[in-house]
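Me: I'd like to learn how to read a model like this one, feature by feature. Can you take me through it?

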Amino acid sequence: MAKSIRKYFVPACLAILVHLVIFSLFFVNFKSKPKPIQPVVQPEVIQATSLDESKVIEEVKQLQKIEQNKRLAEQQRQHQLEQQRIAEQKRINQLEQRRKQQLERIQQARHEQQKIDQAKKQEAEKLATLKQQQEKEKQRLAD
């Protein structure tokens, strides 16, 4: 008999445990917490007044005038910027023209200097040839 008790001891304990769990479930409350009832939101009451159509038209006209003034101011600003750009471009062109004129003057001066140097060189050569001729003439006279 002791052998049979040992043999069924573990299954008997498990059966008792399962029964205890099942009976305890009867006493546990599975109800979830009640959701709080949200109060009904009352729609916001808007107090409206009727508008006079002439006032609306007048307001629209004022807004249109403001918009037109903004456009005119922007056009004037762009026109001024364009005028400034044109003036700056003219100034740049004048400076460029002056630079070109100065460059031409420098080139002319160099060319003139080269002519003068060449003329001096030719004069020096002529003088050298004349001196040689005079030397030859002196030697010939001396002989």
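Reply: Happy to. Start with what counts as an element: helices are DSSP runs of H or I with at least four residues, strands are runs of E with at least two, and both are numbered from the N terminus. Keep in mind that this is a predicted model.

Me: With that definition, how many helices and strands does the protein chain have?

Reply: Two helices and zero strands. Helix 1 covers residues 2–27, and helix 2 covers 53–142, with a loop between the two.

Me: Next, overall shape. What radius of gyration does the protein chain have, and what would a compact globule of 143 residues have?

Reply: The idea is to set the chain against a globule of equal length. A compact globule of 143 residues would come out near 15 Å, while the protein chain has 59 Å. The spans tell you how that is laid out: along its principal axes, the C-alpha trace covers about 175 × 90 × 10 Å.

Me: Can I get a feel for that from individual residues? Which distance separates the C-alpha atoms of Pro11 and Glu137?

Reply: That's a good habit: pick two positions, then put sequence separation next to distance in space. Pro11 and Glu137 are 126 residues apart along the chain, and their C-alpha atoms are separated by 156 Å. Pro11 is found in helix 1 and is partly exposed, at 44% relative accessibility.

Me: And starting from the loop, how far is Ser50 from Gln139?

Reply: Their C-alpha atoms are 133 Å apart, with the two positions 89 residues apart along the chain. Ser50 sits in the loop between the helices. Ser50 has 72% relative accessibility, so it counts as exposed, the cut-off being over 50%.

Me: What about a shorter stretch, say Glu96 and Glu58?

Reply: Those two are 38 residues apart in sequence, and the C-alpha to C-alpha distance is 56 Å. Glu96 belongs to helix 2; we'll come back to Glu96 for its salt bridge.

Me: Now burial. What share of the 143 residues counts as buried?

Reply: To count as buried, a residue needs under 20% relative accessible area. In the protein chain, 0% of the 143 residues count as buried. The chain exposes about 15,300 Å², and carbon and sulfur atoms supply 58% of that.

Me: Which residues form the nonpolar patch on the surface?

Reply: Phe9, Val10, Leu14, Leu17, Val21 and Leu25, with about 580 Å² of accessible area together. Take Val21 as a sample: it is found in helix 1, and its relative accessible area of 43% makes it partly exposed.

Me: On to charges. How far apart are the mean positions of the positive and negative charges?

Reply: You average the positions of each sign and compare the two points. Here there are 28 positive and 18 negative charges, and their mean positions are 17 Å apart.

Me: And how should I think about pairs of charges? How many salt bridges are there?

Reply: The general idea is that side chains of opposite charge can pair when their charged atoms come close. A search of the whole structure finds five salt bridges. One of them joins Glu74 and Arg77, at 2.7 Å from N to O.

Me: Where do Glu74 and Arg77 sit relative to each other?

Reply: They are three residues apart in helix 2, so about one helical turn separates them. Glu74 is partly exposed at 32% relative accessibility, and Arg77 is partly exposed at 41%.

Me: What are the N to O distances for Arg91 with Glu88, and for Arg99 with Glu96?

Reply: Arg91 and Glu88 meet at 2.7 Å, and Arg99 and Glu96 at 2.5 Å. Arg91 and Glu88 are three residues apart in helix 2, about one turn. Arg99 and Glu96 are likewise three residues apart in helix 2 and separated by about one helical turn.

Me: Are the side chains in those two pairs buried, partly exposed or exposed?

Reply: Check each residue in turn. Arg91 is partly exposed, with a relative accessible area of 42%, and Glu88 is partly exposed with 36%. In the other pair, Arg99 is partly exposed at 43%, and Glu96 counts as partly exposed at 33%.

How values were computed:
Residues are numbered from 1 along each chain as its sequence is written. This is a predicted model: local features need pLDDT of at least 70, side-chain atom pairs count only at pLDDT 80 or more; totals for chains, interfaces and linings use all residues. Side-chain values use heavy atoms; hydrogens and water are left out. Patches are made of residues with over 30% relative accessible area and no salt bridge: like charges are joined within 9 Å, nonpolar side chains (Val, Leu, Ile, Met, Phe, Trp, Tyr) within 5 Å. Accessible areas come from the Shrake-Rupley method with a 1.4 Å probe; for residues, only the protein chains shown count as cover. A salt bridge is a side-chain nitrogen of Lys or Arg within 4 Å of a carboxyl oxygen of Asp or Glu. Buried means under 20% relative accessible area, exposed over 50%, partly exposed in between (1.4 Å probe, protein chains only). The radius of gyration is taken over C-alpha atoms; the globule rule is 2.2 Å times the number of residues to the power 0.38. Lys and Arg count as positive and Asp and Glu as negative; His and the chain ends are not counted. The place of a charge is taken as NZ of Lys, CZ of Arg, CG of Asp or CD of Glu.
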